[in-house]
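Here are a few exercises to work through with the viewer open. Try each task before you read its solution.

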Amino acid sequence: MTASTSTARHDQPAGRQHTADRPISLTATGGIDRASHHRLDEAWLAAAWSHPTTRVFVVSGGQALIEDKEDGTTELVMMPSFDAPFTEAHRYFLGVDEDGVRYFALQKDSLPGRLDDIARPAGLREAGVLLSDRDSELLVHAVGLENWQRTHRFCSRCGERTVIAAAGHVRRCPACGAEHYPRTDPAVIMLVTDDQDRALLGRQVHWPEGRFSTLAGFVEPGESLEAAVRREVAEEAGVSVGPVSYVGSQPWPFPSSLMLGFMARATSPAIQVDGEEIEEARWFSREDLRAAIESGEVLPPSGISIAARLVEHWYGEPLPHPHRS
Ligand SMILES: [Zn+2]
C-alpha cells in the first residue's frame, strides 16, 4: 500500500498553520454520568424509576420527540416516569446528571401522541444540531442501544431468543447462558492533505450532485486504525498516505458506528478513484474550496457530521455558505 508507514514522522504541513492552536471539539459531552454500576441493581433501578425528579423519553425507530422553546432552544420532550408509557422490557437506564436527575429511555413501537402539536419527531441528524449537549448525549445513547437491541434478538452462539438485561445494556441467552453486549463498529474518517496543504475531498456515487467530503471506511478485522486510514485512501482515491494523526471521535449510531477522525498526509498526490464507492476526488486549496462553495459548485459536509468538523479543522474557520441567487 504505502512504503512510508512511520507514524512517528509527524511532518508539519508546508502551508499556513491555520489549525495549529485551534482545538477541535468532537468529544463534547453533556455531563451525563452513565453510572453503569447501577445497571444490575434492580432495587436501585426501581427506586430511580419512581423518583419524582426522574426524566423519561421515548425512542422509536431512531427518533424521539423534540420541542422548540420560546427562548429559541430545542429540547428533548421528557416526562416524569409516572406519565411514561411503561414497558419494563424495553427500559434503558442512561445515567445521572450533575443535579442527581436520573434519565431513562423507553423503546416503543411508536412515539407517543401529544395533545398540543408543539412536539415533533426527529432523528439524530436533525436533533443533533438543535439539542443541548446533554439532550444530544442522551439521545445518541438511546438510539445506539435501540439499534443494537432491534438487531440482536437472537443468540449468535445458539440461535435462541435473547432477553434484555442490565437496564438495556446486555442481552442474555436463557438457553446457553451467553451474554451479548452492544456492538460498536469502528470506522475511520480522514482529511488527507498534500505538501501544499491542499485537502483531498471525494464524491460518493450516491451523493447529491456537488457534495464533496472526507473519505471514510470501516476498520477490518486485525487492522490498526492507521492501516485502515492508509488502505481506505489508497482504495478509494489511489493516494498513498504517510503520517496519520488522530483528531477526535464521534458516535455515529447509523446503526452502530464510532467514527474515528484523522488528519493524514499524502506521500504521492496522484488521484485514481475506484469508481465504485468514490466517483470523483479532487485536491482543494482553501481558496479553491471557498470559491467552489460560494459559487454553488461544491456542497461541503454539514450538520452534525465529524466530516464537517475535520474540514473546518483544516480550513481554519467555519466554512462559507453558498451564495443563493
Ligand atoms: Zn445462546
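**Exercise 1. Helix H4**

Task: Find which residues of H4 are buried, and what these buried residues pack against.

Solution: Start with the burial list. In this predicted model, the buried residues of H4 are Ala-228, Val-229, Arg-230, Glu-232, Val-233, Glu-236 and Ala-237. Next, look at what surrounds them. They pack against strand E11 (185-193), strand E12 (199-204), strand E13 (215-218), strand E14 (240-252), strand E15 (257-268) and strand E16 (278-284).

Now check the length of the helix. H4 covers residues 225-237, which is 13 residues, and at 1.5 Å a residue the expected span is 18 Å. The end C-alpha atoms lie 18 Å apart, so the model agrees with the expectation. Finally, step past the end of the helix: Gly-238 follows H4 and has a positive phi, near 70 degrees.

**Exercise 2. The nonpolar cores**

Task: Which members of the largest nonpolar core touch the most other members?

Solution: The core has 41 residues, and the ones to pick out are Val-188, Ile-189, Met-190 and Val-192. Take Ile-189 and set aside its neighbours within four places in sequence: its contacts are then Thr-214, Ala-216, Met-259, Leu-260, Gly-261, Ile-306, Ala-307 and Leu-310. Another core, of 29 residues, lies apart from the largest one, with Ala-64, Ala-84, Phe-93 and Ala-122 among its members. As background, nonpolar side chains in soluble globular proteins tend to be buried together.

**Exercise 3. Two open sheets**

Task: What is the strand order in the sheet that contains E2, and which strands stand at its edges?

Solution: The order is E3-E2-E7, an open sheet of three strands with antiparallel pairing. Strand E3 (74-76) and strand E7 (120-123) each have a single partner strand, so one side of each has no neighbour in the sheet. On average, neighbouring strands here are turned by 50 degrees against each other, ignoring direction. To follow one pairing in detail, take E2 (residues 63-68) and E3: three bridges link them in the antiparallel sense. One to locate is Ile-66, whose bridge partner in E3 is Leu-76.

Task: Where are the edges of the sheet with the strands E8, E9 and E10?

Solution: This open sheet of three strands is ordered E8-E9-E10, again with antiparallel pairing. Strand E8 (163-165) and strand E10 (179-180) are the edge strands, each pairing on one side only. E8 is joined to strand E9 (residues 170-172) by three bridges, and the two run antiparallel. Ala-165 has Val-170 in E9 as its bridge partner.

**Exercise 4. A hairpin**

Task: How many bridges join E5 to E6, and how many residues lie between them?

Solution: Five bridges join strand E5 (residues 91-96) to strand E6 (residues 102-107), which run antiparallel. Phe-93 has Phe-104 in E6 as its bridge partner. The two strands form a hairpin with five residues between them, and in the turn Gly-100 has a positive phi of about 85 degrees.

**Exercise 5. The whole chain**

Task: What is the average pLDDT of the protein, and where does pLDDT stay under 50?

Solution: The average pLDDT is 88, and 89% of the residues score at least 70. The values stay under 50 over residues 1-25, a stretch for which the model has 38 contacts beyond four places in sequence. For an overview, count six helices and 16 strands. Of the 325 residues, 33% count as buried.

Note on methods
Residues are numbered from 1 along each chain as its sequence is written. This is a predicted model: local features need pLDDT of at least 70, side-chain atom pairs count only at pLDDT 80 or more; totals for chains, interfaces and linings use all residues. Two strands pair if DSSP finds at least two bridges between them. Helices (H or I, at least four residues) and strands (E, at least two) are DSSP runs, numbered from the N terminus. Axes are lines fitted to C-alpha atoms, for helices over the stretch in contact, and angles run from 0 to 180 degrees between N-to-C directions. A residue is buried if 20 or more other C-beta atoms lie within 10 Å of its own, exposed if 12 or fewer, and partly exposed in between; C-beta atoms are placed from the backbone. pLDDT is the predictor's confidence in each residue, from 0 to 100. Two residues are in contact if their C-beta atoms, placed from the backbone, lie within 7 Å. The expected span of a helix is 1.5 Å times one less than its number of residues. A nonpolar core is a set of buried Ala, Val, Leu, Ile, Met, Phe, Trp, Tyr and Cys residues joined through C-beta atoms within 7 Å.
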